[in-house]
Amino acid sequence: MSKQRSRQYKARIDQALATPKLQEALHRFGDAFLVSRANAFAGLDFEALRQEIGQMKDAVRENSPAYVAEFTRNAEAAGAKVFLAKSAEEANSYIAELAKARGVKMVVKSKSMASEETHLNVALEQAGVRALETDLGEWIIQLAGQKPSHMVMPAIHMFKEEVAELFGKVTGQTEAPEIAHLVQVAREQLRQGYFDAGMGITGANIAVAETGGIALVTNEGNARLASTLPKIHVVLVGIEKLVPTLEDAAKVIRVLPKNATGQLLTSYVTWIRGAVPSHDDGEKELHIVLLDNGRTALAESAHCKDALRCIRCGACANVCPVYQTVGGHVFGHIYIGAIGIILTAFFHGLDKAAEIVRACIGCRACVAVCPADIDLEGIILHLRAVVGKEEGIGLGKSIVFKQVMRNRRLFHTLIRAGSVLQKPVSKGERSIRHLPMYFSSLTEWRTLPTIAEKPLRDQIDQYARKLDKPRYRVAFFGGCGNDFIYPEMGISLVQVLNRLGVEVYYPQEQNCCGIPALYSGDRETAVDLAEQNVKAMLAENPDYIVTTCPTCTMALKRDFVEHLADNPVWAQKALELSEKTIDVSAFIANVLKAAGEFALGAEGEAVTYHDSCHLKRGAGVWQEPRALLAASGHEVVEMAHADRCCGFGGSYSFTSHPHIAREINKDKIDDIAASGAPIVAMDCPGCLINIRGGLEKRGLNVRAAHTIELLAERLK
């Protein structure tokens, strides 16, 4: 079943990639969003705001039954009827039965992702009730027979020409593909529905426990019409939307529009407490359906519960390179993007989330913009491990990780053998331009580096000098890329740090950091490798552990601590390793404070800089490499989207989703070329593989290099 599902999913990816207008539209929106969002948050402390929201939402989650009871009590005191639905079926049944009991034949709906989650429209149709979507985007996709491709902008994937054609089928005439005209057509077509409907259905952005009221944050007037004109107003809202007080509600409203669409404030903020008066002074009903449907189970998950902090801004999709490449109909089920992966697993089942779990490239762009401070990538990695445990990771990966990688000597012996076996395809060059037969797709859009004839671990003693009175003695964690693909990078590190008075040694027992296994869903191997590396790197009690790979950095600083937290033997050692681990650029700039040491010789060439995902958004290092490059005489020229993922993602670009990786890499290479700089610097061997490979395959005369290599050259 999983193989069939995987084939179907990859077919949907291919279909999305064959629609370049989709990528163009989503990229254009994503670029504009970042500018608008930055302007909207200007002068505000986003970090403080999101921590405040996260803490407030945690308090609600931890005391959910009490807040549900308080909200129910206050809402019913104000004249509403509250129903707690444990499942989607219960929610749909309540609303459908209410419609039948009141003789309702038609309902008008404002945008509600909760109703999409429960498939409410289908349930109403089966009950003989017509549902009319009145949000412009929702009406468009209703006419198209589709589902939302974004939580905030459901029809963002469609073009005005497509919308004009849809509207023409409704009006029976040709409609001009002009936005203002199409909006007017929608108004004319939808207006009478508010008066004909016997029931209005809305969602709610916030439910306030202390008042029993709700808030609707919208940009169109349809929610106010749907909630006021019909005789019956039904609110379908997830229990995670509860907040304790009006003051807490204001915190959400302060952030939500800024982070969702880059607006300072939305057009309408509507507060409703109790049944609002009817337009004809008749009796009005307000029913509030509080939806659980997996939310309690999510709250009880030690690894995933923080997802209930989400305020549904959709920003995690806006900045996601995967979403911008394939859209929400591929990178989602009902809910889309990073948060959608998690919600899908708990609201609709792990089987519905399995493919989109694997589609995440792990760039952490979502984490950086989340207004509720959710570590989305961390939760997704946990779900990937759960999927891997339930469905397996495949025989090939299982052998590589469990049988080979855990055995350091066997693993390294096989890599060394690979340096010999590659000779027929490398033809003596450092790059493989074409692979034969089954493997040809691996070099379709990039060259690949060869395995070094002699790994770093066999060379480093020739270069690492013993110093009489070193400022520090540091252990170097090279990682697989530095050790076996780019040993020259490690040699550069030794040369630079020796010049700066730092003694470097290379623990020979170090192994792979475990990230490839972790990202493939094999957490057991990742834990085993964590133990191996903690032991190896702390054996000689170094002052620091320096790295040249941000993915390895985050493994040592973050993942090992999590992996070994419950192990009484290894937990404290993992914390010690974490505290000592530091990226080499940060070490030079912040610990040694040695930027001035590199301003030697003639002025260097212009350099553009690519921010590696886990370096900037994981380790928080991005200013330091730029400062060092500038201090060494290089002119730093900023490329567009410097911190957008390059598409590597380890096995992601080889076996998981190479076609998505190809498109993300294309965007990065375009930005590098547009900068006009003859050199692109970065601080990650994986990014170097992908970017250098993309540049070479395109025949572009731009040198790709690690920052430490460029610094070593300036010492000569």
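These notebook entries record what I looked up in a predicted model.

**Entry 1. Nonpolar cores**

I began with the interior. The largest nonpolar core has 103 residues, and I288, F331, I339 and L376 touch the most other members. I then asked which helix gives the most to this core. It is helix α16, residues 337-347, with seven residues.

I took F331 as an example and listed its contacts, leaving out residues up to four places away in sequence. Among them are Y9, C320, V322, Y323 and V326. F331 also touches I336, G337, A338 and I341, as well as I356, A359 and C360.

I noted a second, separate core of 56 residues. Its members include V546, V621, I679 and A712.

**Entry 2. Strand β19**

I679 led me to strand β19, which spans residues 679-682. In a regular strand the side chains alternate between the two faces of the sheet. I therefore looked at each face of β19 in turn: I679 and A681 lie on one side, V680 and M682 on the other, and all are buried. Both faces of the strand are thus covered.

Next I looked up the partners of β19. Strand β17, residues 606-609, pairs with β19 in the parallel sense over three bridges. Within this pairing, T608 has V680 as its bridge partner. Strand β20, residues 703-706, also runs parallel to β19, and four bridges join the two. Here A681 stands opposite A705.

**Entry 3. Helix α29**

Which residues of helix α29 (residues 571-580) are buried? I found A574, L577, S578 and K580. An α-helix has 3.6 residues a turn, so residues three or four places apart point the same way. I recorded what covers the buried residues of α29: the cover includes the helices α27 (523-538) and α28 (550-563). It also includes the strands β15 (544-547) and β16 (581-583).

**Entry 4. Salt bridges**

I searched the whole structure for salt bridges and found 46. I examined three of them.

D306 forms a salt bridge with R61, and the closest N and O atoms are 3.6 Å apart. The two residues come from distant parts of the chain, 245 residues apart: D306 is in the loop between α13 (295-299) and α14 (315-318), whereas R61 is in helix α3 (residues 46-62). Is R61 buried or exposed? R61 counts as buried because its relative accessibility is 13%, under the limit of 20%. D306 is partly exposed, with a relative accessible area of 24%.

E240 and R312 meet through their side chains in a second salt bridge, at 2.6 Å from N to O. E240 lies in the loop between β7 (232-238) and β8 (242-243) and R312 in the loop between α13 and α14, so the pair ties together parts that are 72 residues apart in sequence. Both partners are buried: E240 has a relative accessible area of 7%, and R312 has 12%.

The third is between R364 and E377, with the closest N and O atoms 2.7 Å apart. I placed R364 in the loop between α17 (350-359) and α18 (365-369), and E377 in helix α19 (residues 376-391), 13 residues apart. R364 and E377 are both buried.

I also found a network in which salt bridges that share partners join D58, R61, E62, D306 and R309.

**Entry 5. Surface and loops**

I then turned to the surface. M437, Y438 and F439 form a nonpolar patch there, with about 470 Å² of accessible area together. Y438 sits in the loop between β11 (431-432) and β12 (448-449). I class Y438 as exposed because its relative accessible area is 73%, over the limit of 50%.

Two loop residues drew my attention for their backbone angles. N541 has a phi near 50°, a positive value in a residue other than glycine. N541 lies in the loop between α27 and β15 and is exposed, with a relative accessible area of 53%. H641, also not a glycine, has a positive phi near 55°. I located H641 in the loop between β18 (635-636) and α33 (658-675), and H641 is partly exposed at 24% relative accessible area.

Lastly, I looked up G128, in the loop between α7 (120-126) and β3 (130-133). G128 is partly exposed, with a relative accessible area of 46%. How far apart are the C-alpha atoms of G128 and D31? They are separated by 44 Å, and the two residues are 97 residues apart along the chain.

Notes. Residues are numbered from 1 along each chain as its sequence is written. This is a predicted model: local features need pLDDT of at least 70, side-chain atom pairs count only at pLDDT 80 or more; totals for chains, interfaces and linings use all residues. Side-chain values use heavy atoms; hydrogens and water are left out. Patches are made of residues with over 30% relative accessible area and no salt bridge: like charges are joined within 9 Å, nonpolar side chains (Val, Leu, Ile, Met, Phe, Trp, Tyr) within 5 Å. Accessible areas come from the Shrake-Rupley method with a 1.4 Å probe; for residues, only the protein chains shown count as cover. A salt bridge is a side-chain nitrogen of Lys or Arg within 4 Å of a carboxyl oxygen of Asp or Glu. Buried means under 20% relative accessible area, exposed over 50%, partly exposed in between (1.4 Å probe, protein chains only). A nonpolar core is a set of buried Ala, Val, Leu, Ile, Met, Phe, Trp, Tyr and Cys residues joined through side-chain atoms within 4.5 Å. Contact means heavy atoms within 4.5 Å. Two strands pair if DSSP finds at least two bridges between them.
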